[in-house]
Amino acid sequence: MKIYCPICKKKIIYDLDNEYRPFCSKKCKLIDLGSWASEDYSIPGKFESGDSNENF
């Protein structure tokens, strides 16, 4: 199956042997991780008290 890398849009073969799937490379995988870490991406939802990890 051919898919597009979510970061660079390069067309790649989706293969279980690709350790970076669904990305084309380690670079694209790290760019995506950095976007999550800098909160460029988020999962919508309602914050409720008691959901915070501040006490740990």
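Here are a few friendly notes on this structure, which is a predicted model.

1. Let us start with the overall layout. The chain holds one helix and two strands, and along the sequence these come in the order β-β-α.

2. Next, burial and surface. The chain has 56 residues, and 14% of them count as buried. The area that the chain exposes is about 5100 Å², with 53% of it supplied by carbon and sulfur atoms.

3. A word on contacts along the sequence. Taking the contacts in the chain with a separation of 6 or more, 7% are between residues 24 or more positions apart.

4. D32 is a good residue to look up in the helix. You will find D32 in helix α1, which covers residues 26-37. Which residues does D32 touch, leaving aside those up to four places away in sequence? They are I7, F23 and Y41.

5. The charge of D32 deserves a second look. D32 is buried, yet it has no salt bridge. The nearest side chain of opposite charge belongs to K29, 9.0 Å away; a salt bridge would need the charged atoms within 4 Å.

6. On the surface, M1, Y14 and L16 form a nonpolar patch. Together these residues have about 370 Å² of accessible area.

7. Where does Y14, one of the patch residues, sit? Y14 lies in the loop between β2 (11-13) and α1. Its relative accessible area is 34%, so Y14 is partly exposed. That value also fits the patch, because patch residues need over 30% relative accessible area.

Conventions: Residues are numbered from 1 along each chain as its sequence is written. This is a predicted model: local features need pLDDT of at least 70, side-chain atom pairs count only at pLDDT 80 or more; totals for chains, interfaces and linings use all residues. Side-chain values use heavy atoms; hydrogens and water are left out. Helices (H or I, at least four residues) and strands (E, at least two) are DSSP runs, numbered from the N terminus. Buried means under 20% relative accessible area, exposed over 50%, partly exposed in between (1.4 Å probe, protein chains only). Lys and Arg count as positive and Asp and Glu as negative; His and the chain ends are not counted. Contact means heavy atoms within 4.5 Å. Accessible areas come from the Shrake-Rupley method with a 1.4 Å probe; for residues, only the protein chains shown count as cover. Patches are made of residues with over 30% relative accessible area and no salt bridge: like charges are joined within 9 Å, nonpolar side chains (Val, Leu, Ile, Met, Phe, Trp, Tyr) within 5 Å.
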